[in-house]
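Here are my notes from a look through this one, as promised. Have the structure open while you read.

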Amino acid sequence: MGLIEIVSFTLLYIFGISYMGKLIILSKKNNIKANVFGKGTKSKESLIIERFLKAMTFAGIGIWTISALFPSFTEKWFVGLGKGFTVSIIGVVITLIGVSLFILAMVFMKTSWRAGIDKSTKTSLITSGLYRFSRNPAFVGMDLMFIGAAITYANLIIVIVGLLVVVGIHLQILQEENHMEEVFKKEYNEYVNKTPRYLLF
């Protein structure tokens, strides 16, 4: 493992710890079961999309881990797309921005944060902090994380899985928007009109 791999894997580890930590805090401190990804009474379409995104995310994390911990293995068995030190640094910086956005988004969401669409409890509509600039900063962070990892390691499989994660995230966002419109109605529509889905669009 070189410096690039160490930093990249550390960022992945920080993401995992923060994600699990948020779930544990909400469960222990607030008695909230925040992990409803692919669970509960929701439409079949929502369940399929959530399970697809979950599978792709785990696959992406797995390939990311292998690429970081066993670079000689991935260079031998994965199709390389050509990379250099400068490009890998850019990938790590993008990953850092993504992880930071994801963690900050969870912080700003407070007890309203959920993994998946929660049909069983009523949450608050968060429009402050990062949510003034994006309706989905946590998902933007995840997009950047996997894009950054794809650039860092530049092998065909991590690029493909990374793209599938981005597609899954977009489909999940569309499902969550429908849910938010049902729950918050006019308040959410007003928020949509003044805040982009991602950052600039």
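The points below take the pocket, then the charged pairs, then the aromatic rings.

1. A caveat to begin with: this is a predicted model. Please read every distance and percentage below as computed from that prediction.

2. Start with the largest pocket, which holds about 970 Å³ of space. Its lining runs to 43 residues. If you want to centre your view, go to Arg 114, Ala 115, Gly 116, Phe 139 and Glu 176, since these lie nearest the middle of the pocket.

3. Which elements build that lining? Helix 1 (3-30), helix 2 (44-69), helix 4 (85-109), helix 5 (137-153), helix 6 (156-184) and helix 7 (186-194) each give two or more residues to the lining of the largest pocket. Helix 6 gives the most, with seven residues.

4. As for the chemistry of the lining, the largest pocket has 25 nonpolar residues, alongside ten polar and eight charged ones.

5. On to charges. Side chains of opposite charge can pair when their charged atoms come close. Searching the whole structure turns up five salt bridges, and three of them are worth a look here.

6. Arg 114, already met at the pocket, forms a salt bridge with Asp 118, with 2.8 Å between the closest N and O atoms. Are these two partners buried or exposed? Arg 114 has a relative accessible area of 13%, so it counts as buried. Asp 118 is at 7% and is therefore buried too.

7. Next, look at Glu 177, whose side chain meets that of Arg 135 in a salt bridge at 2.6 Å, N to O. This pair links distant parts of the chain: Glu 177 sits in helix 6, while Arg 135 is in the loop between helix 4 and helix 5, 42 residues apart. Both Glu 177 and Arg 135 are buried.

8. Glu 177 has another partner: Arg 197 forms a salt bridge with it, the closest N and O atoms being 2.8 Å apart. Again the pair links distant parts of the chain, with Arg 197 in the segment after helix 7 and Glu 177 in helix 6, 20 residues apart. Arg 197 is partly exposed, because its relative accessible area is 24%, whereas Glu 177 is buried at 11%. Through shared partners, the salt bridges join Arg 135, Glu 177 and Arg 197 into one network.

9. Now the rings. The structure holds eight aromatic pairs. One of them is Phe 15 with Phe 102, an edge-to-face pair with 4.9 Å from centre to centre and 65° between the planes. Phe 15 is in helix 1 and Phe 102 in helix 4, so this contact ties together parts that are 87 residues apart in sequence. Both count as buried: Phe 15 has a relative accessibility of 6%, and Phe 102 has 3%.

10. Tyr 19 and Trp 113 also pair edge-to-face, at 5.6 Å centre to centre and 85° between the planes. Here Tyr 19 in helix 1 is linked to Trp 113 in the loop between helix 4 and helix 5, 94 residues apart. Tyr 19 is partly exposed at 23% relative accessible area, but Trp 113 is buried at 5%.

11. How do these rings fit together? Ring pairs link Phe 15, Tyr 19, Phe 102 and Trp 113 into a cluster.

Terms used
Residues are numbered from 1 along each chain as its sequence is written. This is a predicted model: local features need pLDDT of at least 70, side-chain atom pairs count only at pLDDT 80 or more; totals for chains, interfaces and linings use all residues. Side-chain values use heavy atoms; hydrogens and water are left out. On a 1 Å grid over the protein atoms alone, a cavity is a set of points where a 1.4 Å probe fits but cannot get out, and a pocket is an open set with protein on both sides within 12 Å along at least five of seven lines; lining residues have an atom within 4 Å of a point. Grid points are joined across faces, edges and corners, and a volume is the space filled by probe spheres set on the points. Helices (H or I, at least four residues) and strands (E, at least two) are DSSP runs, numbered from the N terminus. Ala, Val, Leu, Ile, Met, Phe, Trp, Tyr, Cys and Pro count as nonpolar, Asp, Glu, Lys and Arg as charged, and the others, Gly among them, as polar. A salt bridge is a side-chain nitrogen of Lys or Arg within 4 Å of a carboxyl oxygen of Asp or Glu. Buried means under 20% relative accessible area, exposed over 50%, partly exposed in between (1.4 Å probe, protein chains only). Rings of Phe, Tyr and Trp (its six-membered ring) pair if their centres lie within 6.5 Å; planes under 30 degrees apart count as stacked, over 60 as edge-to-face and the rest as tilted.
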